[in-house]
Amino acid sequence: MEEIARHPNVVAVEAALRDAGITPRVRVLPSTAPTAAAAAEQIGCPVAAIANSLIFNAAGDPLLVLTSGAHRVDTAKLAALLGLPKLARATPEFVRTHTGQAIGGVAPVGHPAPIRTLIDQTLAEHGEIWAAAGHPHTVFPITFAELVELTKAETVSVN
């Protein structure tokens with residue numbers, strides 16, 4: 001567990017949180033959390049309070065969509081909102097190139113460069129939300145307002 005807590009991606013997420021004035025409270029989970037339901041079960045929170053970090057390929061540029069674990073992203077709706085012909089799910093290689101992190105542990109921060117970010121407006125309904133912390137075994141709690149400020153996200157309806 002200590003080894004996971006010192007993983008470079010987790011350290012980068014903690015640094016980004018500290019730089020934003022947020023005290024990092026990363027939790028190492030006993031099992032990986034490949035789905036919002038798996039994360040919620042281990043944390044003991046509603047699935048809707050999980051902020052999934054999904055990377056999309058927006059005409060060659062990365063787009064991070066932070067969505068509630070209870071929602072699916074309507075890619076056609078978001079593509080239209082962004083003025084794009086389509087929005088494609090990113091390949092694992094595309095995700096790693098732009099975030100430095102593997103699918104299943106992608107955090108909203110800690111990337112090599114800033115990524116345009118959209119956030120699901122329904123996450124605002126939760127006093128505390130949980131996001132991945134750069135490794136499939138790690139998560140951290142944050143408020144909606146902190147997450148919006150931290151990522152400079154645009155609030156949208158994703159479904």
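**Fold, cores and selected residues of the predicted model**

The secondary structure of the chain comprises 6 helices and 8 strands, as given by a predicted model. Along the sequence these elements succeed one another in the pattern α-α-β-α-β-β-α-β-α-β-β-β-α-β. The radius of gyration is 14 Å, which agrees with the value near 15 Å that would apply to a compact globule of 159 residues. Taken along the principal axes, the box filled by the C-alpha atoms has dimensions of roughly 45 × 30 × 30 Å.

Of the 159 residues, 48% count as buried, and the accessible surface of the chain amounts to about 7600 Å², with 53% of this area belonging to carbon and sulfur atoms. When contacts between residues at least 6 apart in sequence are considered, 62% of them join residues at least 24 apart. With regard to charge, the chain carries 11 positive and 14 negative charges, and the mean positions of these two sets are 3 Å apart.

The largest nonpolar core contains 27 residues, and those with the most contacts inside this core are Ile55, Ile119, Ile142 and Leu147. At least two residues of the core are supplied by each of the helices α2 (8-19), α5 (92-99) and α6, and likewise by each of the strands β2 (50-58), β3 (61-68), β6 (129-132) and β7 (138-142). Helix α6 gives the most to this core, with 4 residues. Another core, of 13 residues, lies apart from the largest one and includes Ala58, Val73, Ala79 and Leu87.

The surroundings of Ile119 illustrate how one of the highly connected core residues is placed. Once neighbours within four places in sequence are set aside, Ile119 is in contact with Leu66, Phe144, Leu147 and Val148, and also with Ala153, Glu154, Thr155 and Val156.

Helix α6 spans residues 144-151 and includes Thr151. Thr151 has a relative accessible area of 9% and is therefore buried, the limit for this class being under 20%. Beyond its neighbours within four places in sequence, Thr151 is in contact with Leu66, Pro108, Val109 and Thr117; Leu66 is also among the residues in contact with Ile119. The loop that connects α6 to β8 (154-156) holds Lys152, for which phi is near 60°, a positive value in a residue other than glycine. In contrast to the buried Thr151, Lys152 counts as exposed, with 58% relative accessibility.

A positive phi is also found at Ala59, where the angle is about 55° although the residue is not a glycine. Ala59 is located in the loop between β2 and β3, and, because its relative accessible area of 64% is over the 50% limit, this residue is classed as exposed.

Two further loop positions were examined through their contacts and through distances between C-alpha atoms. Val47 lies in the loop between α3 (36-43) and β2 and is partly exposed, with a relative accessible area of 33%. Although Val47 and Gly69 are 22 residues apart along the chain, their C-alpha atoms are separated by 5.3 Å. When residues up to four places away in sequence are not counted, Val47 touches Ala36, Ala37 and Ala40, together with Ser68, Gly69 and Ala70.

Pro24 is placed in the loop between α2 and β1 (27-28). With residues up to four places away in sequence left out, the contacts of Pro24 are made with Glu14, Leu17 and Arg18. The C-alpha atoms of Pro24 and Val11 are 9.9 Å apart in space, for a sequence separation of 13 residues.

Asp19 belongs to helix α2, an element that also supplies at least two residues of the largest core. Asp19 itself is exposed, as its relative accessible area is 70%. Between Asp19 and Thr75, which are 56 residues apart in sequence, the C-alpha to C-alpha distance is 32 Å.

Conventions:
Residues are numbered from 1 along each chain as its sequence is written. This is a predicted model: local features need pLDDT of at least 70, side-chain atom pairs count only at pLDDT 80 or more; totals for chains, interfaces and linings use all residues. Side-chain values use heavy atoms; hydrogens and water are left out. The radius of gyration is taken over C-alpha atoms; the globule rule is 2.2 Å times the number of residues to the power 0.38. Buried means under 20% relative accessible area, exposed over 50%, partly exposed in between (1.4 Å probe, protein chains only). Contact means heavy atoms within 4.5 Å. Accessible areas come from the Shrake-Rupley method with a 1.4 Å probe; for residues, only the protein chains shown count as cover. Lys and Arg count as positive and Asp and Glu as negative; His and the chain ends are not counted. The place of a charge is taken as NZ of Lys, CZ of Arg, CG of Asp or CD of Glu. A nonpolar core is a set of buried Ala, Val, Leu, Ile, Met, Phe, Trp, Tyr and Cys residues joined through side-chain atoms within 4.5 Å.
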